[in-house]
Amino acid sequence: MTDQAGATETDSADIPGKRTSASRTTLSHIMTHNDTNLLGTVHGGVIMKLVDDAAGAVAGRHSGGPAVTASMDEMAFLEPVRVGDLVHVKAQVNWTGRTSMEVGVRVLAERWNESTPPTQVGSAYLVFAAVDADGRPRRVPPVLPETEKDRRRYQEAQIRRTHRLARRREIRELREKRAAEGLDD
Ligand SMILES: CC(C)(COP(=O)(O)OP(=O)(O)OC[C@H]1O[C@@H](n2cnc3c(N)ncnc32)[C@H](O)[C@@H]1OP(=O)(O)O)[C@@H](O)C(=O)NCCC(=O)NCCS
């Protein structure tokens, strides 16, 4: 079945929900000299790649098939990561829509030269769209939050979703208005 937005499977009401814990994933990686920037600490792009990898694994697990990154926002780098640190990237589905999922990611570093608990060094929110073999969006199972923390994350993700949609709409309207006024870039 194809509906008005191009999704190609049954209505998500027909798809059984999946618990948050069913797709939660941790990706761990030791940082090496290949990962550094000119200051000698780990390049932000290396961490972003790990974040996208972990979130992609979660989105694939949750949706039971391929999923592509639609957006990445609120990537925060809280502390520098250093060579030798063991980095843990923890990701889970915070929220699901019709064909998209918000994945929340926390990045922790175990300092190679300290016996302290892992430090949170970053966080990010990504939206993934589940796609079919032709790259068209397909329905995702509704996520079933299990704990109060999961439910809080679900509610916060809904706020971010509302803001993302509003921002996209406002920018599109501004561009249309400028184009109508003949204001070409
Ligand atoms: C993401 C993609 C599949 C969306 O396709 P589309 O034709 O715009 O389809 P839709 O408008 O129906 O969007 C599908 C879902 O993604 C969400 N979405 C699309 N773009 C988004 C964005 N920029 N930010 C957040 N969500 C987005 C929509 O809200 C919708 O969610 P819903 O069904 O839960 O309401 C398409 O833009 C794409 O393939 N992009 C490239 C992805 C990619 O290659 N990523 C890797 C980069 S190298």
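Q: Let me start with the ligand. Which strands each supply at least two residues of the shell around the ligand?
A: Good place to begin, and keep in mind that this is a predicted model. Strand 3 (67–77) and strand 6 (119–130) each supply at least two residues of that shell. The largest share, four residues, comes from strand 3.

Q: Which residues come nearest to the ligand?
A: The shell has 16 residues, and among these Ser71, Gly97, Arg98, Thr99 and Ser100 come nearest.

Q: How many residues of each class does the shell around the ligand have?
A: Sorting a shell by class is a handy way to describe it. Here there are seven nonpolar, seven polar and two charged residues.

Q: Let's step back to the whole chain. In what order do the elements run from the N terminus on?
A: An element is a helix or a strand, and the chain has two helices and seven strands. From the N terminus on, the order is β-β-α-β-β-β-β-β-α. The C-alpha trace spans about 55 × 50 × 35 Å along its principal axes.

Q: What do the contacts in the chain say about residues that are far apart in sequence?
A: Take the contacts between residues at least 6 apart in sequence: 73% of them join residues at least 24 apart. One pair of residues to look up is Arg138 and Ser100, which are 38 residues apart in sequence, while their C-alpha atoms are 8.5 Å apart in space.

Q: Is Arg138 buried or exposed?
A: To decide, count the C-beta atoms around a residue: 20 or more others within 10 Å make it buried, and 12 or fewer make it exposed. Arg138 has 23 such neighbours inside 10 Å, so Arg138 counts as buried. You will find Arg138 in the loop between strand 6 and strand 7 (143–144). Over the chain of 185 residues, 30% count as buried.

Q: Which residues touch the most other members of the largest nonpolar core?
A: That core holds 33 residues, and Val51, Ala55, Val103, Val105 and Phe128 touch the most other members. Helix 1 (44–63), strand 4 (86–96), strand 5 (100–110) and strand 6 each give two or more residues to this core. Strand 6 gives the most, with eight residues. For a single example, click on Ala55: leaving out residues up to four places away in sequence, Ala55 touches Ala91, Val103, Val105, Leu126 and Phe128.

Q: How can I tell whether strand 5 is enclosed or open?
A: Count its buried residues. Eight of the 11 residues of strand 5 are buried, so strand 5 is largely enclosed by the rest of the structure.

Q: How does strand 5 run relative to strand 4 and strand 6?
A: Look at the bridges and the direction of each strand. Strand 4 and strand 5 run antiparallel and are joined by 10 bridges; they form a hairpin with three residues between them. In this pairing, Val89 stands opposite Val107 in strand 5. Strand 5 and strand 6 also run antiparallel, with 10 bridges joining them. There, Ala109 stands opposite Thr119 in strand 6.

Q: How do I check the length of a helix?
A: Allow 1.5 Å a residue and compare the expected span with the distance between the end C-alpha atoms. For the 20 residues of helix 1 the span should be 28 Å, and the ends are 28 Å apart, which agrees. For the 33 residues of helix 2 (residues 148–180) the span should be 48 Å, and the ends are 48 Å apart, which agrees too.

Q: Why does helix 2 lie largely in the open?
A: Of its 33 residues, the number buried is three, so helix 2 lies largely in the open. The buried ones are Asp150, Arg153 and Ala157, and they pack against strand 4 and strand 5. In helix 1, the buried residues include Ile47, Leu50, Val51, Ala54 and Ala55.

Q: Which residues have a positive phi?
A: Most residues other than glycine have a negative phi. Among the residues with a positive phi are two glycines: Gly64, which follows helix 1, with phi near 70°, and Gly182, which follows helix 2, with phi near 75°. Glu74 has a positive phi of about 55° although it is not a glycine. Glu74 is found in strand 3 and is exposed, with 10 other C-beta atoms within 10 Å.

Technical notes
Residues are numbered from 1 along each chain as its sequence is written. This is a predicted model: local features need pLDDT of at least 70, side-chain atom pairs count only at pLDDT 80 or more; totals for chains, interfaces and linings use all residues. A residue is near a molecule or strand if its C-beta atom, placed from the backbone, lies within 6 Å of it. Ala, Val, Leu, Ile, Met, Phe, Trp, Tyr, Cys and Pro count as nonpolar, Asp, Glu, Lys and Arg as charged, and the others, Gly among them, as polar. A nonpolar core is a set of buried Ala, Val, Leu, Ile, Met, Phe, Trp, Tyr and Cys residues joined through C-beta atoms within 7 Å. Two residues are in contact if their C-beta atoms, placed from the backbone, lie within 7 Å. The expected span of a helix is 1.5 Å times one less than its number of residues. Two strands pair if DSSP finds at least two bridges between them.
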